[in-house]
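Got the viewer open and a selection box ready? Let's take a walk through this one, stop by stop.

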Amino acid sequence: MKLLDWSHNNFKETITTDTTVSQLKKVLEQKHSHVKNFILCKEEFRETHEMLDDKKTLKDYGINGSIDDKESAPSVTICYNFTPMKNKEGKSDPLLLSWT
């Protein structure tokens with residue numbers, strides 16, 4: 001998964017094609033604290049590639065997996081962005097590098 005404009009937060013995750021967008025967002029919530037309102041896109045960050053329906057699975061969005069094993073599974077890029085939560089003063093923390 002690739003975070004828009006923050007390549008140091010990119011990571012790989014092996015999941016099934018039955019995984020829903022909502023479940024993907026939960027994975028991201030665990031990885032990044034103090035964030036909300038995730039936007040997920042298939043392959044590249046474009047409005048036409050947005051994965052808007054939280055109940056749809058990766059398969060519903062045309063992502064196919066492998067029936068053999070995870071080593072032979074295809075690699076698919078999911079791009080994402082988010083809105084930071086407000087800090088105690090009601091301001092967004094634009095860097096999200098520390099939380100006070």
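Start by selecting Lys42 and Ile78: Lys42 sits opposite Ile78, which belongs to E3. A word before moving on: this is a predicted model. Now add Leu40 to the selection, and you'll find Tyr80 of E3 facing it. Widen the view to both strands, E2 (35–42) and E3 (78–84). E2 and E3 run antiparallel, and six bridges hold them together.

Next, bring in the remaining strand, E1 (2–3). Select Leu3 and look across to E3, where its bridge partner is Tyr80. E1 and E3 are parallel here, with two bridges between them. Zoom out and you have an open sheet of three strands, in the order E1-E3-E2, with mixed pairing. Which strands stand at the edges? They are E1 and E2: each has a single partner strand, so one side of each has no neighbour in the sheet.

Colour E3 by accessibility while you're there. The strand is mostly covered, with five of its seven residues buried. Tyr80 is one to click on: its relative accessible area is 0%, so it counts as buried.

Keep Tyr80 selected and show the aromatic side chains. There are two aromatic pairs in the structure. Take Phe38 and Tyr80: the ring centres are 6.4 Å apart and the planes meet at 50°, so this pair is tilted. Phe38 is in strand E2 and Tyr80 in strand E3, so the pair ties together parts that lie 42 residues apart in sequence. Is Phe38 buried or exposed? Its relative accessibility is 8%, under the 20% cut-off, so Phe38 counts as buried. Add Phe82 to the selection, and ring pairs link Phe38, Tyr80 and Phe82 into a cluster.

Now for the helix. Select H1, residues 21–31, and pick out its buried residues: Val21, Leu24, Lys25 and Leu28. Why do they line one face of the helix? Look down the axis of H1: the buried residues fall within an arc of 100°, so they line one face. Turn the view to see what those residues pack against, namely strands E2 and E3. The helix itself lies across E2 and E3, and runs at about 125° to E2.

Step back from the start of the helix to Thr20, which is in the loop between E1 and H1. Thr20 has 17% relative accessibility and therefore counts as buried, the cut-off being under 20%. What does Thr20 touch, leaving out residues up to four places away in sequence? The answer is Asp54, Lys55, Lys56 and Thr57.

Follow that contact over to Thr57, which sits in the loop between E2 and E3. Thr57 is buried too, because its relative accessibility is 15%. Show its contacts, again skipping neighbours within four places in sequence, and you get Thr17, Asp18, Thr19 and Thr20. Seen from either end, then, the loop before H1 meets the loop between E2 and E3 through Thr20 and Thr57.

For the last stop, select Lys56 and Tyr61. The charged end of Lys56 sits over the Tyr61 ring, 5.2 Å from the ring centre. Lys56 is also among the residues touched by Thr20, so leave Thr20 displayed if you want both in one view.

Notes: Residues are numbered from 1 along each chain as its sequence is written. This is a predicted model: local features need pLDDT of at least 70, side-chain atom pairs count only at pLDDT 80 or more; totals for chains, interfaces and linings use all residues. Side-chain values use heavy atoms; hydrogens and water are left out. Buried means under 20% relative accessible area, exposed over 50%, partly exposed in between (1.4 Å probe, protein chains only). Helices (H or I, at least four residues) and strands (E, at least two) are DSSP runs, numbered from the N terminus. The arc is that of the directions from the helix axis to the C-beta atoms. Contact means heavy atoms within 4.5 Å. Rings of Phe, Tyr and Trp (its six-membered ring) pair if their centres lie within 6.5 Å; planes under 30 degrees apart count as stacked, over 60 as edge-to-face and the rest as tilted. A charge sits over a ring if NZ of Lys or CZ of Arg is within 6 Å of the ring centre and within 35 degrees of the ring normal. Two strands pair if DSSP finds at least two bridges between them. Axes are lines fitted to C-alpha atoms, for helices over the stretch in contact, and angles run from 0 to 180 degrees between N-to-C directions.
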